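Colleague: I'm new to this one and would rather study a single aspect properly than skim everything. Could you take me through the salt bridges slowly, and then the loops, with their backbone details?

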Amino acid sequence: MNNIDPSLSEKIEQLSPSKRALLEMKLKQQQPQFTEITPLPRTKPLPLSFGQQRFWFMEELNGENSHYNIFQAFKFTGNLNQTALQKAFQTLVNRHETLRTSFQTLEGSPVQVISPQLEINLPVINLQGMSEPDQEVKVQGLAIAESQKPFNLSQLPLIRVTLIQLQDQIHLLFLTVHHIISDGWSGELLIKEISLLYQAYLENKPNPLPDLPIQYVDFASWQRQWLTGAKLESHLSYWRSHLENSPTLLNLPTDRERPMETSYQGNSQTFVINSFLTQELKRLSNKSKVTLFVTLLSAFAILLNRYSFEEDLIIGTPIANRTRPEIESLIGFFVNTLALRIKINNQPIFSELLHQVRQIAFEAYRHQDLPFEKLIEELQPERSLNYHPLFQVMFVLQNQAVSEWNLPNLTRSQVKFPSQTSQFDLTLSLKEKKGQLEGVWVYNTDLFDADRIERMTGHFKTLLEGIVNNPEAKITHLPILTSEEKQKMLIDWNNTKADYPKDKCIHQLFEEQVIKTPHNIALVCEDKQLSYQELNEKANQLAHYLQKLGVKPEVLVGICVERKLDLVVGLLAILKAGGAYVPIDPAYPTERFNYILNDTQIAILLTQEHLLEKISQGITDIVCLDRDQDLILREKQTNSVVKVRPENLAYVIYTSGSTGQPKGVAVEHKSVVNFLHFRNSQMFTRDELKVVTFTSSICFDASVAQLFSPLIIGSKIIVINQIDQLFIQLNKEQITCLTTAPSLLEQLLKNFPLPPCVKIIGLGGESVTETLLKQLKEYPNVEKILNFYGPTEATIGICSGAIYQR
């Protein structure tokens, strides 16, 4: 079966588990203290092993299911003697009590019930009359049906054998066994014994197999008696310490949210690590004095770390657990699972991690005798119906020799069908065959899509190549991106060159739009509105007034105005006068207010009369848009003439100061025009922006997008000065596209449902929580959700994309 081996030599890996266990104890100068396993009287109730008890409990909890079916398919070409094959299987069932075992409940506890005899059937399904394509379809359906057909643990048999005849000389054999009576090692043993029996019966010879001194039920009873007292406490003490304060769940990136209850639905993908890389990995392992298992497990841990950003990982791995000679020839469930805890912190180099993992695996191997089920019982980890306790990811390196069917006059091959179940979120299995490593991912389809797993294969291979090329590299420096992904991310995705009006400034684009749609409504705020022409004329009058105060290119002008129509007029006027605006929120505390005034040394400030009391700094010219209205209205309504260029400043916005003092970020016209062109041509259509809302504070650069993007294409902007009015206005104006901050939308959705008119939602400025995303997906009217990202220094946004599309 699948077996790990954390010993210090590749040679030890080739030993049988029992010899390997004895050698390990000799290395530790210990003598084996095993008590003999003796046959148990069949006259009293027969106990389950710890592992079997867990399977029984899971079926009691979930009912009949196929989650623990072990399904294999084999193809035989040649003259198959069906009588000899059926007799071989019958002898096998007679030989191994576990194949005649069912599980009953006695006084509330499960017991094994061994039938003295069980006739095994070998039904034959004849498909010879079908065409080859039809046969393929039929066989695929039969395989799925057989692998998914549940067993009832209380009823025999718990093994099924089916023969499918495709041609006179071509047969398929389906073999399905419940995991409670078998494991991987048992599967190899079954093939070996069936081959010997078939050959003997074909030649009319007697059963060549020696009698078994004990049966699986004898081991189960012995296990419960032996694992007590000091032995039990020694193992428990190690595992308690090893898993103390361990993480509950490994959060890998998934394609869907984790369901409330796992369905165990799965799929699989295979891949190959070529012989050159395989040999390089083995060479590195030998040089580092570790096994191939340790090297591959270390690489897998790095991959999980890079995906999840978790530094404390628990990875499950199976171990054959056949440490005694007398159980090596038994069919039954012996396999145990070890929970290996690997901490990746302080950015170690790979060779350091390698030796850390070797020690972790070695210590776990020394304490392998504690059944995983007993460990769960002792630790009582947090239990959930939607993930496996202690760990959700498995790693398997199969280093046991694979048994081959040795049937005379027949060629054999294993037929692979995709796995239909997955016990864990993700399992990576590897085995060496013909000098190369063959890999299989088994993944939970509740969580992952096939293309994500395919990318995972590329990342794992790239990581392995990086490791053999530079084992002394820090693990954070090891590559995982494939060459195709590098091309896409570094070249293709950055090939965003596009024509845009490089010779224009923001206000000039607005003025061009005024000519096109002078009578369109530009702004609405409460019961007031301005057309494009009216907005332009008001902004022009204020611009001329500001120019007389000395505003020109590169001159900073502060603006501290409440969210009304005058706010937008003021912003446009500053730009039209050639200046750059510095937004200051009226709600700012006095300290931050004065910090910005002092840091910018602005000489001119646009504000309102009732806000004057907040201003303690000496400013040369304070323009109150309400108090000085008569003076402003005397100015011309024509566009101002100013030699402002795209390279001149448009605004200076101060960061939040969350990492220290706020810092002013100066942004030029050309950068804003570039972004606005991208937003209006790539992110949204004109129809989607026909009517929009203005919700952002002008102290955040999201306001630049919310205001100027629609103003340069003739849209109508609804100025929202009371946030609880947002949904009301969306409904009133039948607005289809909403852009806002995630936290604001979350707050609104606590009290109001999303209006049915909203089809597209743009979220930016903060991270989008899974809770919000899930909530929005539940609205049938939501067709698309966009996410924007970009620091202020990079001009509003540097990337955007759809995170949901119906």
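Modeller: Let's settle one piece of vocabulary before we start: a residue is buried when its relative accessible area is under 20%, exposed when it is over 50%, and partly exposed in between (1.4 Å probe, protein chains only). This is a predicted model, in which local features need pLDDT of at least 70 and side-chain atom pairs count only at pLDDT 80 or more, while totals for chains, interfaces and linings use all residues. Residues are numbered from 1 along each chain as its sequence is written, and side-chain values use heavy atoms, with hydrogens and water left out.

On to your charged pairs. The idea behind them is simple: side chains of opposite charge can pair when their charged atoms come close. Here a pair counts as a salt bridge when a side-chain nitrogen of Lys or Arg is within 4 Å of a carboxyl oxygen of Asp or Glu. Searching the whole structure turns up 26 of them. Let's go through three.

Start with Asp218 and Arg42, whose side chains form a salt bridge with an N to O distance of 2.8 Å. Asp218 sits in helix α7, residues 216-226, while Arg42 is in the loop between α2 (17-27) and α3 (50-62), so this pair ties together parts that lie 176 residues apart in sequence. (Helices, at least four residues of H or I, and strands, at least two of E, are DSSP runs numbered from the N terminus.) How is each partner placed, buried or exposed or partly exposed? Asp218 counts as buried, because its relative accessibility is 2%. Arg42, in contrast, counts as partly exposed because its value is 36%.

Now look at Asp183 and Arg322, another salt bridge between side chains, at 3.1 Å from N to O. Both partners are in loops: Asp183 in the one between β6 (170-178) and α6 (184-202), Arg322 in the one between β8 (312-319) and β9 (336-343), so parts 139 residues apart in sequence are tied together here. With a relative accessibility of 2%, Asp183 counts as buried. Arg322 counts as buried too, because its relative accessibility is 0%.

Next come Asp449 and Arg256, where the side chains meet in a salt bridge of 2.8 Å, N to O. Distant parts of the chain are linked once again, 193 residues apart: Asp449 belongs to the loop between β13 (436-444) and α13, and Arg256 to the loop between α8 (229-242) and β7 (266-273). Asp449 is partly exposed because its relative accessible area is 31%. Arg256, at 33% relative accessibility, also counts as partly exposed.

Remember Arg42 and Asp218? They belong to one network together with Glu97, joined by salt bridges that share partners.

Stay around Asp218 for a moment, as there's a backbone detail to see. Thr38 lies in the loop between α2 and α3, the loop that also holds Arg42. The C-alpha atoms of Thr38 and Asp218 are separated by 6.6 Å, although the two residues are 180 residues apart along the chain. Thr38 itself is partly exposed, because its relative accessible area is 44%.

That brings us to the other loops. Which residues are joined by a cis peptide bond? Leu156 and Pro157 are, with omega at about -5°. To find the spot, look for Pro157 in the loop between α5 (132-148) and β5 (159-167).

Two further loops have residues with a positive phi. Asn204 isn't a glycine, yet its phi is near 55°. You'll find Asn204 in the loop between α6 and α7, and α7 is the helix that carries Asp218. Asn204 counts as exposed because its relative accessibility reaches 73%. Gln734 isn't a glycine either, and its phi is positive at about 50°. Gln734 sits in the loop between α22 (726-733) and β24 (737-740). With 51% relative accessibility, Gln734 counts as exposed.

If you want one place to begin on screen, pick α7: Asp218 lies in this helix and is paired with Arg42 from the loop between α2 and α3. From there you can pick up Glu97 as part of the network, then turn to Thr38, with its C-alpha atom 6.6 Å from that of Asp218.
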